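I opened this model to look up its fold, its ligand shell and its core, and I note below what I found in that order.

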Amino acid sequence: MKIPSKPTILALAIILATPLAANPARDAIINALKQQAGVSSFSAEEGKALFLATHSGGKPETPSCTTCHGTNLKAGGKTRAGKPIEPMAVSVNPQRYTDPAKVEKWFRRNCNSVLGRECTPLEKGNILAYLSSL
Ligand code: HEC
């Protein structure tokens, strides 16, 4: 048997050490938000609190992110019209949060519906940290 070269072993070690859900496009989105927010890390705990909370500033029919996305984020949700929404947890839906335009569009729309304002870069980053941790 041929003994693998040092660079091969190193490459394998890096691949194995990378968490399954890691994705360069998602990392780039999160890093851009860190710069905008002026922080070096986000809080999944705060993201969770914001995502699961009931808010009063937005439309009365959408008081929470869970109104459409549900409380089990590894399962799918439903729009107000009953259209299915794919799960939000990155562990079961690895394509999530990899298209910057899609992420921006839906944060703008959904934060306005639920909070009656746009989410700040800090809030968006905390939410993405939470949804990536599930
Ligand atoms: C009125 C229903 C509704 C509410 C309320 C809602 N969403 Fe969504 N959300 C959607 C739909 C529909 C999509 C687009 C379809 C999809 O991505 O599966 C979406 C997509 C997203 C995306 C983009 C996902 C991606 O793959 O890039 C993010 C981020 C998101 N929502 C966050 C939130 C947050 C945060 C809240 C609460 C502030 C929230 N949503 C509340 C319906 C909703």
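**Notebook: fold, ligand shell, core**

I began with the contacts of the chain: among those between residues at least 6 apart in sequence, 60% join residues at least 24 apart, a contact being a pair of C-beta atoms, placed from the backbone, within 7 Å. The model is a predicted one, in which local features need pLDDT of at least 70 and side-chain atom pairs count only at pLDDT 80 or more, while totals for chains, interfaces and linings use all residues. Residues are numbered from 1 along each chain as its sequence is written.

I then looked up the secondary structure, which comes to six helices and two strands, taken as DSSP runs numbered from the N terminus (helices are H or I with at least four residues, strands are E with at least two). Along the sequence I read the pattern α-α-α-α-β-β-α-α, and the C-alpha trace spans about 65 × 35 × 25 Å along its principal axes.

Next I turned to the ligand, with a residue counted as near if its C-beta atom, placed from the backbone, lies within 6 Å. Of the 22 residues around the ligand, I find that C65, C68, W106, N110 and V114 come nearest. Helix 5 gives the largest share of this shell, eight residues. By class I note eleven nonpolar, six polar and five charged residues in the shell, where Ala, Val, Leu, Ile, Met, Phe, Trp, Tyr, Cys and Pro count as nonpolar, Asp, Glu, Lys and Arg as charged, and the others, Gly among them, as polar.

Which residues of helix 5 are buried? I find C111, V114 and L115, a buried residue having 20 or more other C-beta atoms within 10 Å of its own, an exposed one 12 or fewer, and a partly exposed one a count in between, with C-beta atoms placed from the backbone. The three cover an arc of only 75° around the axis, which puts them on the same side of helix 5, whereas A101, K105, W106 and R109 are exposed on the other side. Just after helix 5, G116 takes a positive phi of about 75°.

Last, I looked up the largest nonpolar core, a set of buried Ala, Val, Leu, Ile, Met, Phe, Trp, Tyr and Cys residues joined through C-beta atoms within 7 Å. Of its 17 residues, F51, A89, I127 and L131 touch the most other members, and the largest share of this core, four residues, comes from helix 6. Leaving aside neighbours within four places in sequence, I127 is in contact with G47, L50 and F51.

Technical notes:
Arc of directions from axis to C-beta. Contact = placed C-beta atoms within 7 Å.
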